[in-house]
Amino acid sequence: MLRLSEINSGLLNEIRQDDELMSEIESALHRAPEIFGVEERGFEKKTLRSSFTSFAESGSVQGDSDAAIMTEAIILRLGRPSFLIRNDKVEIPADQRVWSQRLNPGRLKIESAIKAVGRVELKGHASFPWVGTAWLVESDVIVTNRHVALEFARQSGREFVFRSGVNGQPMQVSIDFKEEYGINADVTIDVDRILFIAPDRPGQPDMALLKLKTTVDQPPV
């Protein structure tokens, strides 16, 4: 099984070169039990700190395999965190001091863009009720990733079509613009057709364009 360092080597290298983030991660490792519950999982703080030191010095996480994997997970969680979105606002935990300082000056722009982003909902897919996100670039045109679109769409000749679902009919795809943490609201717009899926080859973007059935009253990203 691939380790996080093999999958995310580029991200880990960027984090390692960021002195502010590295300092914050090192400080967090001293409080690891409170933050990550590492002792309950059988790890010792000194072991994780040793693994982190090896990463800071050499760019790779050394030591016991399980401890190394845990250290990599902590580095990625703090170095490239995911934040909850609620009521079109991003929630940044108080212990994320560096990211708070970096994101708060642009909060108004970020929260304006949030309104133009939605979750891709699927009907008829054998495994997934939803897959990935998409964001407006025009009032009725939305962009998602190629690898997301290929779950429900394919190329047919010079056109792009919806894949057949479990019932043998074309899958139905919609975008929910209010799929947020702890929010029960629903603002869903159906996807009318697939405009474009970039070829899966070097030099091509991981991108697809979808046409919505109706326009969205939000400024595009």
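**Exercise 1. The barrel and its strands**

Which residue stands opposite Leu136 in strand 5? Place this pair in the barrel of the predicted model.

*Solution.*
Step 1. Leu136 faces Ile142 of strand 5.

Step 2. Look at how the two strands are joined. Strand 4 and strand 5 are antiparallel and share three bridges. They form a hairpin, with two residues between them.

Step 3. Go one strand back. Strand 3 (residues 117–123) is joined to strand 4 (residues 130–138) by four bridges, again antiparallel. Here Gly118 is the residue opposite Ala134 in strand 4.

Step 4. Go one strand on. Strand 5 is antiparallel to strand 10 (residues 208–212), with four bridges between them. Val143 stands opposite Leu209 in strand 10.

Step 5. Complete the ring. Six strands close into a barrel, the order is 3-4-5-10-9-8, and the pairing is antiparallel. From one strand to the next, the twist averages 45°.

**Exercise 2. Side chains along two strands**

Find which way the side chains point in strand 5 and in strand 7, and say which of them are buried.

*Solution.*
Step 1. Recall the general pattern. In a regular strand, side chains alternate between the two faces of the sheet.

Step 2. Apply this to strand 5 (residues 141–144). Val141 and Val143 point one way, Ile142 and Thr144 point the other way, and all are buried.

Step 3. Apply it to strand 7. Phe160 and Phe162 point to one face and are buried. Glu159 and Val161 point to the other face and are not buried.

Step 4. Find the partner of strand 7. Strand 6 (residues 153–156) pairs with strand 7 over four bridges in the antiparallel sense, and Arg154 stands opposite Val161 in strand 7. The two strands form a hairpin with two residues between them, and Gly157 in the turn has a positive phi of about 65°.

**Exercise 3. Aromatic pairs**

How many aromatic pairs does a search of the whole structure find? Classify each pair by the angle between its planes.

*Solution.*
Step 1. The search finds two aromatic pairs.

Step 2. Take Phe52 and Phe55. Their ring centres are 6.4 Å apart and their planes meet at 45°, so this pair is tilted. The class follows because planes under 30 degrees apart count as stacked, over 60 as edge-to-face, and the rest as tilted.

Step 3. Locate this pair. Phe52 and Phe55 are three residues apart in helix 5 (residues 45–58), which means that about one helical turn separates them. Phe52 is buried, with a relative accessible area of 4%, and Phe55 is buried, with 1%.

Step 4. Take Phe160 and Phe196. This pair is edge-to-face, with 6.1 Å from centre to centre and 80° between the planes. Phe160 lies in strand 7 and Phe196 in strand 9, so the pair ties together parts that are 36 residues apart in sequence.

Step 5. Check the cover of each ring residue. Phe160 is buried at 16%, whereas Phe196 counts as partly exposed at 30%.

**Exercise 4. The length of helix 6**

What span should helix 6 have at 1.5 Å a residue, and what is the distance between its end C-alpha atoms?

*Solution.*
Step 1. Helix 6 covers residues 65–79, which is 15 residues.

Step 2. The expected span is 1.5 Å times one less than the number of residues, so helix 6 should span 21 Å.

Step 3. Compare this with the model. The end C-alpha atoms are 21 Å apart, which agrees.

Step 4. Note its buried residues, among them Ala67, Met70, Ile74 and Leu78.

**Exercise 5. Two loop residues**

Is Gln169 buried or partly exposed, and is Lys178 buried or exposed?

*Solution.*
Step 1. Place both residues. Gln169 is in the loop between strand 7 (159–162) and strand 8 (172–176). Lys178 is in the loop between strand 8 and strand 9 (188–197).

Step 2. Use the cut-offs: buried is under 20% relative accessible area, exposed is over 50%, and partly exposed lies in between. Gln169, at 49%, is therefore partly exposed. Lys178, at 15%, is therefore buried.

Step 3. List the contacts, leaving aside neighbours within four places in sequence. Gln169 is in contact with Arg163 and Ser164. Lys178 touches Asn87, Asp88, Ile183, Ala185, Asp186 and Val187.

Definitions and conventions:
Residues numbered from 1 in each chain as written. Predicted model: local features only at pLDDT ≥ 70, side-chain atom pairs only at ≥ 80, totals over all residues. Heavy atoms only, no water. Buried < 20%, exposed > 50% of the residue type's maximum accessible area, 1.4 Å probe, protein only. Contact = heavy atoms within 4.5 Å. Pairing = 2+ DSSP bridges. Axes fitted to C-alpha atoms, helices over the stretch in contact; angles between N-to-C directions. Phe/Tyr/Trp six-rings, centres within 6.5 Å; stacked < 30°, edge-to-face > 60°.
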